[in-house]
Amino acid sequence: MKHNKHTLVNQMKLVLDSRSVNESFARATVSAFAAQLDPTVEELTDIKTAVSEAVTNAIVHAYPDSTGKITLWAGIYVDGFFRVFVKDQGRGIEDIKLARQPLYSSLGDERAGLGFAVMESFMDNLRVRSSPGKGTTITMGKHIKGKRNDG
């Protein structure tokens, strides 16, 4: 795994069942891993929020009538870049462009439809890849400036 020709220095992988009780565990695990970059409280909160949204999307949308697997991978790069993947093998997204529109939800009025907008606002970049019937992978990245650079 490379990022702009920079070297990966550490990584983790976690596989969970798509149960709502696992959302907070996923968020806590990824943020604990990111903590080695000495992020600010705000940076850590941003990562927690984005991971929470991505995992919740997988739980609610990928496996609406069953339990499946959610795989999280996180990597830390030598330049302080943090990347996280949230992957499922669920039903996939028919129209990614539509799904990324704020307030759109495939479940209608049941959900706020802000998941992708929230992820995008808290991370430096967001990529969504999906194939109907095969699953979705959300890739998010954030450059951690950390406490070491604070005034």
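Me: Helices (H or I, at least four residues) and strands (E, at least two) are DSSP runs, numbered from the N terminus. How many of each does the chain have?
Reply: The chain has four helices and five strands. Along the sequence they come in the order β-α-α-β-β-α-α-β-β. Keep in mind that this is a predicted model, where local features need pLDDT of at least 70 and side-chain atom pairs count only at pLDDT 80 or more, while totals for chains, interfaces and linings use all residues. Numbering starts from 1 along each chain as its sequence is written, and side-chain values use heavy atoms, leaving out hydrogens and water.

Me: Why is E23 called buried?
Reply: Its relative accessible area is 14%, and buried means under 20%, with exposed over 50% and partly exposed in between (1.4 Å probe, protein chains only). So 14% lands in the buried class. You'll find E23 in helix α1.

Me: What makes D38 partly exposed?
Reply: D38 comes out at 34%, so it falls between the two cut-offs. Look for D38 in the loop between α1 and α2.

Me: And what is unusual about the phi of D38?
Reply: That phi is near 55 degrees, a positive value in a residue other than glycine. Most residues other than glycine have a negative phi.

Me: Which residues of α1 are buried?
Reply: In α1 (residues 21–34), they are N22, E23, A26, V30, S31, F33 and A34.

Me: How do you know that they sit on the same side of α1?
Reply: They cover an arc of only 165 degrees around the axis, which puts them on the same side of α1. That arc is taken from the directions from the helix axis to the C-beta atoms. Over on the other side, V21 and A32 are exposed.

Me: What do the buried residues of α1 pack against?
Reply: They pack against β1 (8–17), α2 (41–62), β2 (69–77) and β3 (81–88).

Me: What makes something a contact, and which residues does E23 have as contacts?
Reply: A contact means heavy atoms within 4.5 Å. Leaving aside neighbours within four places in sequence, E23 is in contact with S52, V55, T56 and I59. These four are among the α2 residues that meet α1.

Me: How do α1 and α2 cross?
Reply: Their axes come within 9 Å and cross at roughly 145 degrees. The axes are lines fitted to C-alpha atoms, for helices over the stretch in contact, and angles run from 0 to 180 degrees between N-to-C directions. By class, the contact of α1 with α2 has eight nonpolar, three polar and three charged residues.

Me: Why does E23 count as charged in that contact?
Reply: Because Asp, Glu, Lys and Arg count as charged, while Ala, Val, Leu, Ile, Met, Phe, Trp, Tyr, Cys and Pro are nonpolar, and the others, Gly among them, are polar.

Me: Is R127 buried or partly exposed?
Reply: Partly exposed: its relative accessible area is 39%. R127 belongs to strand β4 (residues 125–131).

Me: Which residues does R127 touch?
Reply: Not counting residues up to four places away in sequence, R127 touches F85, T137, I138 and T139. R127 and T137 are 10 residues apart in sequence and 8.1 Å apart in space, C-alpha to C-alpha.

Me: Back to the entire chain: how much of it is buried?
Reply: Buried residues make up 46% of the 151 residues.
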